[in-house]
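Here is a walk through one protein model, from its overall make-up down to a handful of residues. Keep the viewer open as you read.

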Amino acid sequence: MSKYELGDDVRKFTWSEGGEKKSVALRQIRALRDFADVKAGAAGGWVEDEESLSQQGDCWIYDENSVVFGGARVSGNARLTQPCDIRDGAKISDNAWIDHAQISERAHVSGNAMVQSSQVRGECHIFGEARVMNGSLVLAAKGLTPDGEQQLHIYGHATVSASRIVHQAQIYGHALVTYAFVEHRAEIYENAMLEGNEDNDVWVCDCARVYGNARIVAGRGEEDVPTLRYSAQVYGHAVVEGNCVLKHHVDVFDHARLSGGPLMLDGGARIFGHAQVKGNVLIEEGVQVFDNAIVEAFNGAPLHLRGHKTVNGAQHVTRTPVLGAI
């Protein structure tokens, strides 16, 4: 027996796409029998046709201001609560929960995933126990790399809050991403945390990776935007905080800590062990800082380390060394 019927009234839903005004005729769903927490006779959202909402399972569109159209499909035990806009081939399946959100352009939300007060657009998959919330924007795009089939994924127990996740990024494990911009093929996983704030986002771009128990923390100052690019990696229990930029093939790991700024690492620099780097520092071209070493610039004066130097043990470097001194 069918669980719902389409009402006789037709609602014209209008929207703008690429500057062009479009419209679709929708009909309201009405329950024919009790199922889950839905009672017979209850009115729900508006759909283009019966392909929009499966007659099987306990899936339901609860809010009368929600719309599902354009080849989008809600199935399984999925729930749509508060006003939702599901369109353009999007799929909501399994036990997914969509709450006051827009899902479009072939995006797929499944498993026990939740999308709340956010937008998900483009060919991507959000699944497992993942959460996307608090005004986040997920904007997927395939075909930007030689791996033309790679999709953006958010899954496992990952949480994305007040962030922008774009292109083919991967966020999974127990990762926590808050006030961040994660772009291209960047990866955030395991127990990694990106901790931006209302003033500054954390930026992780290109093919950079943050994993293990690493933390990337934005400050409150105007330039306190930590940025990882070009295959930079932060992992282990490392912490990067404030106005720090990590570029080409940099590795920061173990219990290393970067803070202050403006601080830049580039050209394969490696910071590890319990090493610390603080202040207005540029480290590049294969420099390694490890053990309990500290590289620290005082009073805003620049400090520059370059070449294949090693700073280790209990060394405390506070100024640019004379050529050949390290």
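The protein carries 30 positive and 42 negative side chains, and the centres of the two sets sit 1 Å apart. In this count Lys and Arg are positive and Asp and Glu negative, with His and the chain ends left out. Each charge is placed at NZ of Lys, CZ of Arg, CG of Asp or CD of Glu.

A quick word on what you're looking at: this is a predicted model, where local features need pLDDT of at least 70 and side-chain atom pairs count only at pLDDT 80 or more, while totals for chains, interfaces and linings use all residues. Residues are numbered from 1 along each chain as its sequence is written, and side-chain values use heavy atoms, with hydrogens and water left out.

**The whole protein**

What is the protein built from, helices or strands? It has zero helices and 43 strands. Both are DSSP runs numbered from the N terminus: helices are H or I with at least four residues, strands are E with at least two. Along the principal axes, the C-alpha atoms fill a box of roughly 85 × 40 × 35 Å.

Of the 326 residues, 49% count as buried. Buried means under 20% relative accessible area, exposed means over 50%, and partly exposed is in between (1.4 Å probe, protein chains only). The protein exposes about 14200 Å², with carbon and sulfur atoms supplying 46% of that. Those areas come from the Shrake-Rupley method with a 1.4 Å probe, and for residues only the protein chains shown count as cover.

How much of the contact map is long-range? Taking contacts between residues at least 6 apart in sequence, 16% join residues at least 24 apart. A contact here is heavy atoms within 4.5 Å.

**Inside the core**

The largest nonpolar core has 85 residues, and those with the most contacts inside it are Ile103, Ile154, Leu246 and Ile283. Such a core is a set of buried Ala, Val, Leu, Ile, Met, Phe, Trp, Tyr and Cys residues joined through side-chain atoms within 4.5 Å. Take Ile283: not counting residues up to four places away in sequence, its partners include Met264, Leu265, Ile271, Val289 and Leu305.

**Four residues and their surroundings**

| Residue | Place | Relative accessible area |
|---|---|---|
| Val10 | strand β1 (residues 4-17) | 56%, exposed |
| Ser93 | loop between β9 (91-92) and β10 (97-99) | 12%, buried |
| Ala180 | strand β23 (residues 180-182) | 0%, buried |
| Asn197 | loop between β25 (193-195) and β26 (202-204) | 7%, buried |

Which residues does Asn197 reach? Leaving aside its neighbours within four places in sequence, Asn197 is in contact with Tyr179, Ala218, Gly219 and Arg220. Its side chain gets to the backbone oxygen of Gly219 at 3.0 Å. A polar atom of that side chain also lies 2.8 Å from the backbone nitrogen of Asn200. Both are polar contacts, meaning a pair of N or O atoms within 3.5 Å; within protein, one must be able to donate a hydrogen and the other to accept it, and residues adjacent in sequence count only if both atoms are side-chain atoms.

Ala180, with the same four-place neighbours set aside, is in contact with Ala162, Ser163, Arg164, Leu194, Asp201 and Val202. Measure from Ala180 to Asn292 in your viewer and you should get 30 Å, C-alpha to C-alpha, for residues 112 apart in sequence.

Val10 has contacts with Ala25, Leu26, Arg27 and Trp46, again leaving aside neighbours within four places. The C-alpha atoms of Val10 and Glu48 are separated by 9.7 Å, with their positions 38 residues apart along the chain. As for Ser93, residues up to four places away aside, it touches Ser75, Ala78, His108, Val109, Ser110 and Gly111.

**Backbone oddities**

Most residues other than glycine have a negative phi, and most peptide bonds are trans. Ala162, one of the contacts of Ala180, has a positive phi near 50°. Ala162 sits in the loop between β19 (159-161) and β20 (164-167) and is buried at 17%.

Asn299 also has a positive phi, of about 55°. Asn299 is in the loop between β40 (294-296) and β41 (303-305), exposed at 83%. Finally, the peptide bond from Gly261 to Pro262 is cis, with omega near 5°, and Pro262 lies in the loop between β34 (257-259) and β35 (263-265).
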